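Student: Please take me through this structure by means of questions and answers.

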Amino acid sequence: MSKRTDAIRSMFTQAPETKALSPDNPAAESPRRTAGAVNSIRSTFSDIERENEALRAAVGNAERIVEIEASLIDPSPFPDRFADDGGPSFAQLRASLAERGQEVPVLLRPHPTAAGRYQTAFGHRRIRALRELGRPVRALVRTLSDDDLAAAQGVENAARADLSFIERAVFALRLEEAGRPRLVVQQALAIDKAEASKLIAVARSIPMPVITAIGKAGRAGRPRWQALAEALGHPEALARVQAFAAEPAFAALDSDSRFVAAFEAARRPDVAAAIRQPIRTDIRSGSGEVIAKLIDAPGASQITIDRREHGAFADFVAQQLPDLFERFRANGNGAASRCAGR
């Protein structure tokens, strides 16, 4: 069983441990703090832990685990992951659920305005995978306030290693804009007041359409996002990035590459040169294995298959291409393709 699963399971069986400050917070790295700052942080986290204990006690008192159709479950009103969250890790989760079933229940609350429906406190990815598998969801259902819902998401967030900086920043901003107290923001992300302010400041300083176009950018931490925010303070830079983000070539990049491209577009005016660079994309199987690479450049696209790994598959693809093209043209795509090439 994974560390993440163990951590979530422990929510129902044991008292919480004191969590360290966020690694993005410089205060967590420096041993030099004033006594007042230390006392303030201790006081804040004492309050947070008391609320966490109360939430765990409420979950622990749930009468039973129930099975609910996945189609009746809506996401949290405070999403903490971006829509492009998927890829190999999600494929592995789905395969695990298909093989072993759902080992840990998700936490839901009755939908506050839609009778017979539910909202997710944690377990969004499991619910999505079970929905795709056509299976019911094993869940604990508790009546939770918005603050309790955000705190429950924080319990799951604390067990994650892959929630990126900008996902955390946008999550904090969404909670703030929904009117949640700053303490709830701190609790949901296991951070102190200063770090919460920094996250929200970065998310506010970059237009949300730009953030959405880039995606989670898991390799980009706070310094790089702050640098991008500063660069976008110039109207010309923002206009360049917005124009670049609308290009199909930009959308074809993976999220980390989109961040780099947007950052370069913000820093220099020759965006067209960046657009002309070939785009290399991995083509993966349903299990996440790389089976081919697409090299896409203006005027030509290439699909390459490593014969050392997939020689038979390369032969199969070559044999199937004429039939695939005829099926493509039969669907009325041929004429559009020829017009686009003119």
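**Helix pairs and the whole chain**

Student: Which residues in H13 do those in H11 meet?
Tutor: Contact here means heavy atoms within 4.5 Å, and helices (H or I, at least four residues) are DSSP runs numbered from the N terminus, as are strands (E, at least two). On the H11 side stand Ala-237, Arg-240, Val-241 and Phe-244. Their partners in H13 are Ala-261, Ala-262, Ala-265, Ala-266 and Arg-267.

Student: How should the model and its numbering be read?
Tutor: This is a predicted model, in which local features need pLDDT of at least 70 and side-chain atom pairs count only at pLDDT 80 or more, while totals for chains, interfaces and linings use all residues. Side-chain values use heavy atoms, with hydrogens and water left out, and residues are numbered along each chain as its sequence is written, from 1.

Student: How many residues of the contact of H11 with H13 are nonpolar?
Tutor: Ala, Val, Leu, Ile, Met, Phe, Trp, Tyr, Cys and Pro count as nonpolar, Asp, Glu, Lys and Arg as charged, and the others, Gly among them, as polar. In the contact of H11 with H13, two residues are charged and no residues are polar. The number of nonpolar residues is seven.

Student: What is the orientation of H11 and H13 to each other?
Tutor: Axes are lines fitted to C-alpha atoms, for helices over the stretch in contact, and angles run from 0 to 180 degrees between N-to-C directions. The axes of H11 (residues 235–245) and H13 (residues 255–267) come within 8 Å and cross at roughly 140°. Angles under 35 degrees count as roughly parallel, over 145 as roughly antiparallel, 65 to 115 as roughly perpendicular and the rest as oblique. H11 and H13 are therefore oblique.

Student: Is the crossing of H8 and H10 left-handed or right-handed?
Tutor: The axes of H8 (residues 193–205) and H10 (residues 222–231) come within 9 Å and cross at roughly 40°. A crossing is left-handed if the near helix is turned anticlockwise from the far one by less than a right angle, and right-handed if clockwise. The crossing of H8 and H10 is left-handed.

Student: How many charged residues has the contact of H3 with H4?
Tutor: H3 (residues 88–100) and H4 (residues 124–133) pack at about 60°, with axes 9 Å apart. Their contact has seven nonpolar residues and one polar residue. The number of charged residues is five.

Student: What share of the residues in the protein is buried?
Tutor: The protein has 16 helices and eight strands. Buried means under 20% relative accessible area (1.4 Å probe, protein chains only). Of the 342 residues, the buried share is 38%.

How values were computed
Buried < 20%, exposed > 50% of the residue type's maximum accessible area, 1.4 Å probe, protein only.
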